[in-house]
Amino acid sequence: MFEKRLLAAAGKSIRTLYSQDFDLSRLTIEKTKKEIEGDYTLVVFPLLKLSRKNPEQTACELGEALMKELPEISTFKVIKGFLNLVLADDYWLGFLGSNFSKEDFGFSLVTRDEKVVLEYSSPNTNKPLHLGHIRNNLLGYSLSQILKATGYPVVKVNLVNDRGIHICKSMLAYARWGEGETPESSGIKGDKLIGKYYVLFDKKYKEEIKDLMEKGLTADEAALQSPLLLEAREILRKWEAHDPETVQLWKMMNGWAYKGFTETYKRLGVDFDHIYYESETYLLGKDLVLAGVENGALRQRDDGSIWIDLTSEGLDEKLLLRSDGTSVYMTQDLGTAQLRYDEYHPSQMIYVVGNEQNYHFDVLKRALLKLNKPYASRIFHLSYGMVELPEGKMKSREGTVVDADDLMEEMYSTAADMTRELGKASDFPAKEAEKLFEMIGLGALKYYILKVDPKKNMLFDPKESIDFNGNTGPFIQYTFARISSLITKAVSLQIPIVPGLPLSDYSLLPSEKETIKLLMSFPHVLQQSADELNPAIVANYVYELAKTFNQFYQEIPVLKEENPGLRQLRIRLSVFTASVIRKSLQLLGIGTPERM
RNA sequence: GGUCCCGUAGCUCAGUUGGAUAGAGCAACAGCCUUCUAAGCUGUGGGUCGCGCGUUCGAAUCGCGCCGGGAUCACCA
């Protein structure tokens, strides 16, 4: 890595120039801004106290010294306190020549011992997946790809929330008004069918409350006394008591939900290594909590409920076990954390969960810390922001949710329309065309969502999301497709692409050099996105790469270049770019079409 | 009210962890296809980086205080 050698050389030069050591961490080396001539820039302001000269003089003498140390530096330019180093074209050509055909460029070759358990998706089985889940799933899947590429064995897990009062509501509505309807009989996808009854419950429940209030009850009293709600609670009680009839209905309806989810996941392109079901884990964690009382970390109140006191850390007291001995959400999460630790001994346990649960995860971590669990510090909550619509927040009750399946279908048909409108893919066999539309439509959706910093709230504008021009997925896919067809043409013209053939003595044009620089930074970008658990870094990078390559492609001939050496150089540049685009998009879960 | 997050062009977003004249896309306008795919490229206009004070050679970036928006603080999940 040139930056490291440059830093070392700078240290040495400073020592000889000023006969003093200098804390190199105070020295910044960065890529030179585009508008300015140079490749790397060293900021010399921090050196002024040592040199006792003005910024220009200091930069000049350091530049002279560095040129003697590093042969790659061909010249340098000084602007104010900025030492801009220009590297010889041979340096860039050498990098291109020795890396363009490496299939694994940027990816880690070694696999570490430390596993990462990555939880994402975690749906409720009482309603279908919507746009919010899409962001969650895309982030989770992309992160798994990024972490794998940087050498971590990743275990993708999904904790399905398949029990609880909300499921019982759907069950009750179905039992009462369902008339034996099934996905097969109605032609409605399983998860949608369950969602229908969940909505129906809510409607009937509201009517009931309204009636009760007309009889003089307050809103709170009515909400608690509603016979429908009481009956749903009774179903929950029966379920927990393993009542056969209740369990049978529950199994049947959950089966519909899973089947529906599986379809959605498949189309979205996400998958899991291990699926946990809350119905199997919801009793976990009690032992942990009771043990905490034993050793004094937790406090039991007179009514039997168990609490953790975090007031000294600026938080509140939080319930960990109800007075009747039953679990709350937190109890279960304590238990499943232990379960995962026992099963995988991971170095990191990542939870992709929305930022409305920041407080919950804060408490979870501190509670495990208090219980002296070794894995407490390995928990990381990847908190992502909400997805909002132009008309505001999504509200399931007001019917403003964007359904995941509908959205994907719409992306598909928009891609199909757009492609036909442009007169492309007219010679594709039907199956090929379908695959292409799917790839483009989902590429647009995935890129639109992943390009935004996960922690920020984002706006989902339907009009904008189906735009295929500019900073979009299809733009990047298109760049890839053009390179692919260029390479195909090169092969058919029998132009050899020979790895290892040295290139030298060509003077690089600006857009060629820019592209090479970007390609060179790919490993660093990948590492950074892994460190920060942030796919948006890769997304923004690959857009920049495609944009820069397009500039090159537009203005400079490749196959039409008559000088064989130059032609070779440009073919390599194209091959390399295509490879890095493909890998970057793969990290985002986006496909790359050979033609489009 | 307490805690946490966010505020950058009309809109959607970047900004390499403190560096130079703050960048892209969309939208608007003007150009470029007889030449490797025009889902492309080039150009023009568009900014009090929410406001103020501080830290320093240097602040969109760090600290403090305001203003505005959001999340959360259940014997819910």
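The following exchange concerns a predicted model of a protein chain with an RNA strand.

Biologist: Which helix gives the largest share of the largest nonpolar core?

Modeller: The largest nonpolar core has 152 residues, and Leu 66, Leu 83, Leu 131, Ile 134 and Ile 476 are those with the most contacts inside it. This core draws at least three residues from each of domain 1 (2-87) and domain 2 (164-268). Its largest share, 11 residues, comes from helix H17 (residues 430-450).

Biologist: How many residues does the other core, apart from the largest one, have?

Modeller: Among the members of this other core are Leu 320, Tyr 344, Val 363 and Ile 379. The core lies apart from the largest one and has 33 residues.

Biologist: How far apart do the C-alpha centres of domain 1 and domain 2 lie?

Modeller: The domain assignment of chain A places domain 1 at 2-87 and domain 2 at 164-268. Between their C-alpha centres the separation is 69 Å.

Biologist: Is Ser 51 buried or exposed?

Modeller: Ser 51 is found in helix H2 (residues 48-51). Beyond four places in sequence, Ser 51 touches Tyr 18, Thr 58 and Glu 61, and its side chain makes a polar contact of 2.9 Å with the side chain of Thr 58. Because a residue under 20% relative accessible area counts as buried, and Ser 51 has 7% relative accessibility, Ser 51 is buried.

Biologist: What is the relative accessible area of Val 542?

Modeller: Val 542 is found in helix H22 (residues 535-555). Leaving aside neighbours within four places in sequence, Val 542 is in contact with Ile 476, Ile 581, Ser 584, Leu 585 and Leu 588. Val 542 and Val 580, 38 residues apart in sequence, are 8.1 Å apart in space, C-alpha to C-alpha. Val 542 is buried, with a relative accessible area of 0%.

Biologist: Which element gives the most to the surface near RNA strand B?

Modeller: Of the 67 residues around RNA strand B, Asp 303, Arg 322, Lys 424, Tyr 478 and Glu 532 come nearest. The residues of this surface divide into 29 nonpolar, 17 polar and 21 charged. With 7 residues, the element that gives the most is H19.

Biologist: Which residue has a polar backbone atom 2.7 Å from a phosphate oxygen of RNA strand B?

Modeller: Two side chains have an N or O atom by a sugar or linking oxygen of RNA strand B: that of Asn 550 at 3.3 Å and that of Lys 560 at 2.7 Å. For the phosphate oxygen, the polar backbone atom at 2.7 Å belongs to Leu 459.

Key: Residues numbered from 1 in each chain as written. Chains lettered and ligands numbered in written order. Predicted model: local features only at pLDDT ≥ 70, side-chain atom pairs only at ≥ 80, totals over all residues. Heavy atoms only, no water. Core = buried A, V, L, I, M, F, W, Y, C linked by side-chain atoms within 4.5 Å. Buried < 20%, exposed > 50% of the residue type's maximum accessible area, 1.4 Å probe, protein only. Helix = DSSP H or I, 4+ residues; strand = E, 2+ residues; numbered from the N terminus. Domains from an automatic or database assignment. Polar contact = N/O pair within 3.5 Å; in protein donor to acceptor, adjacent residues only side chain to side chain. Contact = heavy atoms within 4.5 Å. Near = heavy atom within 4 Å. Nonpolar A, V, L, I, M, F, W, Y, C, P; charged D, E, K, R; others polar.
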